[in-house]
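Please open the model in your viewer and keep the selection tool at hand. The stops below say what to select next and what is to be found there.

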Amino acid sequence: MKAEFINPFMQGAQSVLSMVCNEQASLGKVYLKAAPYKDEISVLVGIVGNPKGFVAYTMNESVTCYLASQMMMGMPVDEINEMTMSAVSELANIISGNVATLFSGLGKSIDITPPKFLTGATDLNSQLPSTKLMVIPLILKSGEVFEINVWVEEV
């Protein structure tokens, strides 16, 4: 996977996390991950155009609740419910829209599909092809990780 395809995801996510969640996420070590995927919470967004593929924003329950709380102006969030799922799905949508804009600046035209909130490895593994994903870990102030799992290819 080309670095030019990874950078928009990293930049887009860091920018949106800063603006929307007041979170200055730092970049961890980028690596490849193979299926099957572990039991976590993910928001899956399809990438349509050139390149095409998908991105799964993956996190544990405490990161999910934290980001939902930040999106709701600090309202306490201590469980995964409809509001939490909606907030985190919208965060993935905003990040993905930002990524599409960054791709446009590179002369690449992409569109995104609506986000799909998934819980657990069974849901995620049933939605993704058994291919290696490029993982961009963003380290939050708390030390916890918000992962951007990307698979894209030129058409």
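Begin by selecting valine 48 in strand β3 together with aspartate 111, which is its bridge partner in strand β5; helices (H or I, at least four residues) and strands (E, at least two) are DSSP runs, numbered from the N terminus. Before going further, note that this is a predicted model, in which local features need pLDDT of at least 70 and side-chain atom pairs count only at pLDDT 80 or more, while totals for chains, interfaces and linings use all residues. Residues are numbered from 1 along each chain as its sequence is written, and side-chain values use heavy atoms, with hydrogens and water left out.

Extend the selection to β5 (residues 110-112), which pairs with β3 in the antiparallel sense over three bridges, where pairing requires that DSSP finds at least two bridges between two strands. Next add β6 (residues 116-119), also antiparallel to β3, with four bridges, and look there for phenylalanine 117, the bridge partner of valine 43. Then add β4 (residues 52-59), which runs antiparallel to β3 and is joined to it by seven bridges; the two strands form a hairpin with two residues between them, and isoleucine 41 has methionine 59 of β4 as its bridge partner.

Now show all of β3 (residues 41-49): because seven of its nine residues are buried, this strand is largely enclosed by the rest of the structure. Buried here means under 20% relative accessible area, exposed over 50%, and partly exposed in between (1.4 Å probe, protein chains only).

For the next stop, select Phe9, Tyr57, Phe146 and Ile148, the residues with the most contacts inside the largest nonpolar core, which has 40 residues. Among the elements that each supply at least two residues of this core are α1 (3-21), β3, β4 and β8 (145-153). Such a core is a set of buried Ala, Val, Leu, Ile, Met, Phe, Trp, Tyr and Cys residues joined through side-chain atoms within 4.5 Å. A second, separate core of five residues includes Leu44, Phe54, Ala56 and Leu118.

Finally, move to threonine 84 in helix α3, which is buried, with a relative accessible area of 1%. Its side chain reaches the backbone oxygen of glutamate 79 at 2.8 Å. Leaving aside residues up to four places away in sequence, threonine 84 touches Thr64, Cys65, Ala68, Val77 and Glu79, a contact being heavy atoms within 4.5 Å.

Technical notes. A polar contact is a pair of N or O atoms within 3.5 Å; within protein, one must be able to donate a hydrogen and the other to accept it, and residues adjacent in sequence count only if both atoms are side-chain atoms.
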